[in-house]
Amino acid sequence: MSSMIVSTPKSIGETRVQQFNFLSQMANGETLTSASVTCQVWSGTGTDSILSGSATVTSPTAYQKITGGTEGTIYLLTCTGTTSSGNHPVIQTYIPIVSNPL
């Protein structure tokens, strides 16, 4: 299972927590037990990662702290969860880095 979420742009100096809610990808009674997030440059000149630390989980949501980034770069974050039933749902989001967010 995989889905895409829409994220707001992030300014260079902003630090925030990105949420990945897996509720719609889990069966009744299933819980999210762990999650990991990867970051790659989707477009632009950045060569860095905007991840800070590891993902934390409060089922059905995974949380990932993000910070920094290169202006004009769009990062693709992929969050892969593990559920109590052994399933591995995936959520992706694109995060553009801007000088001043909307």
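Here is a quick tour of this predicted model, from the overall fold down to one sheet and one surface patch.

Start with the big picture. The protein chain has eight strands and zero helices, so reading along the sequence just gives β-β-β-β-β-β-β-β. Its radius of gyration is 14 Å, close to the 13 Å that the globule rule gives for 102 residues, so the chain is as compact as a globular protein of that length. Along the principal axes, the C-alpha atoms fill a box of roughly 45 × 25 × 20 Å. As for the inside, 34% of the 102 residues count as buried.

Now for the sheet. Three strands make up an open sheet in the order β3-β6-β5, and the pairing is antiparallel. β3 and β5 sit at the edges with a single partner strand each, so one side of each has no neighbour in the sheet. Ignoring direction, neighbouring strands here are turned by 20 degrees against each other on average. β5 and β6 pair over five bridges, and L51 has I66 in β6 as its bridge partner.

Here are the strands with their residue ranges:

| Strand | Residues |
|---|---|
| β3 | 15-21 |
| β5 | 51-58 |
| β6 | 61-67 |
| β8 | 90-98 |

Finally, the surface. M4, W42 and Y94 form a nonpolar patch there, with about 320 Å² of accessible area together. One of its members, Y94, lies in strand β8. Is Y94 buried or partly exposed? Y94 counts as partly exposed, because its relative accessibility is 31%, and that class runs between the cut-offs of 20% and 50%.

Note on methods:
Residues numbered from 1 in each chain as written. Predicted model: local features only at pLDDT ≥ 70, side-chain atom pairs only at ≥ 80, totals over all residues. Heavy atoms only, no water. Patch = residues over 30% accessible without salt bridge, like charges linked within 9 Å, V, L, I, M, F, W, Y side chains within 5 Å. Areas by Shrake-Rupley, 256 points an atom, 1.4 Å probe, with all protein chains shown as cover. Salt bridge = Lys/Arg side-chain N within 4 Å of Asp/Glu carboxyl O. Helix = DSSP H or I, 4+ residues; strand = E, 2+ residues; numbered from the N terminus. Buried < 20%, exposed > 50% of the residue type's maximum accessible area, 1.4 Å probe, protein only. Pairing = 2+ DSSP bridges. Axes fitted to C-alpha atoms, helices over the stretch in contact; angles between N-to-C directions. Rg over C-alpha atoms; globule rule 2.2 N^0.38 Å.
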